[in-house]
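This briefing walks through one protein chain, moving from its overall build to individual residues. Please keep the sequence and the model side by side while reading.

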Amino acid sequence: MNAPRTARDRMVEDLRSAGIRDERVLEAMARVPRERFVPESFRGRAYRPQRIPLGLGQTMSMPWTVARLAELLEAPPGARVLEIGTGSGYQAAVLAEMGLRVFSLERHARLAREAARRLRELGYLSVTVKHFDGTFGWAAEGPWAGIVSTAAGPRVPETLVTQLAPGGRLVLPVEDEEGGQRLVVVTRLPGGGAREEDAGPASFVPLVGRYGWSPRRGGKGREA
Ligand code: SAH
């Protein structure tokens, strides 16, 4: 007899129907207990196709977005990847379940502390969280096979592109001319230089930092 289908199984099936093809991503998301990453009052809604507030004006992306970012990274198992915007730690856990060694930066001390504790309690020992402005990247631990930002900036920070290993990919939402957001994938070419591709529309909280939006303005369509 088959085990009963859980909300998590249904979420994974919906991701598959919605075009997520990478089996490593789908398998990882079938294993991570998303309900453990959401605030208590959202436990019953953890697997719905929606973003979830984390406090401090931040949100955890909806499952499809988490899957899409993980898929676009195209990082081979065992690769070292950098996440900018730890938030709840859920995206980092998904990347860890894919066999990646994850370093994650979060600008809010409280979110960084809570995510680090949660990840440790759940046994995600291949994730290292640090309270720091992610727009600087993390050069000492690089170069990176992949960098993913879960917050949207005014432009692609050059600091991050230079920390990619040859062939490495940076997945980052940026604001477009109309005030909307697009997901951009920058690949560092082995011979030097970089190639930039558009990966569709996006909706993320602002990337606030030295090479992002200014904290005063909070990123509502104006540059730092
Ligand atoms: N990946 C998270 C999503 C969190 S939302 C999750 O799975 O829950 C994006 C996060 O980016 C927020 O927590 C926000 O505080 C953080 N952030 C914004 N600008 C940042 C910066 N410059 N450096 C590090 N974190 C940043």
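The chain has an accessible surface of about 10,700 Å², and 51% of that surface belongs to carbon and sulfur atoms. The model is a predicted one, and its secondary structure comes to six helices and nine strands.

**Overall build**

- The radius of gyration of the chain is 17 Å, which agrees with the value near 17 Å that a compact globule of 224 residues would have, and the C-alpha trace spans about 55 × 40 × 35 Å along its principal axes.
- Of the 224 residues, 50% count as buried, and among contacts between residues at least 6 apart in sequence, 53% join residues at least 24 apart.
- The chain carries 33 positive and 26 negative charges, whose mean positions are 6 Å apart.

**Aromatic rings**

- The structure holds five aromatic pairs, one of which is formed by Phe 136 and Tyr 211 in an edge-to-face arrangement, with 5.4 Å from centre to centre and 75° between the planes.
- Because Phe 136 lies in the loop between strand 5 (127-131) and strand 6 (144-149), while Tyr 211 lies in the segment after strand 9 (194-202), this pair ties together parts that are 75 residues apart in sequence.
- Both partners count as partly exposed, Phe 136 at 36% relative accessibility and Tyr 211 at 29%.
- Phe 103, Trp 138 and Trp 144 form one aromatic cluster.

**Gln 163 and the loop before strand 6**

- Gln 163 is found in the loop between helix 6 (158-162) and strand 7 (164-175), and with a relative accessible area of 9% it falls under the 20% limit and is therefore buried.
- Leaving out residues up to four places away in sequence, Gln 163 touches Phe 136 of the edge-to-face pair, Trp 138 and Trp 144 of the aromatic cluster, and also Gly 137, Ala 139, Pro 143, Ile 147 and Arg 188.
- Pro 143, one of these contacts of Gln 163, lies in the loop between strand 5 and strand 6, and the peptide bond that leads to Pro 143 from Gly 142 is cis, with omega near -5°.

**Helix 3 and strand 8**

- Helix 3 (residues 63-73) is mostly covered, since nine of its eleven residues are buried; among them are Val 66, Leu 69, Leu 72 and the acidic residue Glu 71.
- Leu 183 lies in strand 8 (residues 181-188) and is buried, with a relative accessible area of 4%.
- Although Leu 183 and Leu 69 are 114 residues apart in sequence, their C-alpha atoms are 9.0 Å apart in space.
- Apart from neighbours within four places in sequence, the contacts of Leu 183 include Arg 68, Leu 69 and Leu 72, together with Val 171, Leu 172, Glu 197, Ala 199 and Phe 204.

**Backbone points to check**

- Most residues other than glycine have a negative phi, and most peptide bonds are trans.
- Leu 56 has a positive phi of about 55° although it is not a glycine; this residue sits in the loop between strand 1 (52-55) and strand 2 (58-60) and is partly exposed, with a relative accessible area of 43%.
- Glu 74, likewise not a glycine, has a positive phi of about 50° and comes just after helix 3, in the loop that leads to strand 3 (80-84).
- At 55% relative accessibility, Glu 74 counts as exposed, whereas Leu 73, in helix 3, is buried.

Key
Residues are numbered from 1 along each chain as its sequence is written. This is a predicted model: local features need pLDDT of at least 70, side-chain atom pairs count only at pLDDT 80 or more; totals for chains, interfaces and linings use all residues. Side-chain values use heavy atoms; hydrogens and water are left out. Helices (H or I, at least four residues) and strands (E, at least two) are DSSP runs, numbered from the N terminus. The radius of gyration is taken over C-alpha atoms; the globule rule is 2.2 Å times the number of residues to the power 0.38. Buried means under 20% relative accessible area, exposed over 50%, partly exposed in between (1.4 Å probe, protein chains only). Contact means heavy atoms within 4.5 Å. Accessible areas come from the Shrake-Rupley method with a 1.4 Å probe; for residues, only the protein chains shown count as cover. The place of a charge is taken as NZ of Lys, CZ of Arg, CG of Asp or CD of Glu. Rings of Phe, Tyr and Trp (its six-membered ring) pair if their centres lie within 6.5 Å; planes under 30 degrees apart count as stacked, over 60 as edge-to-face and the rest as tilted.
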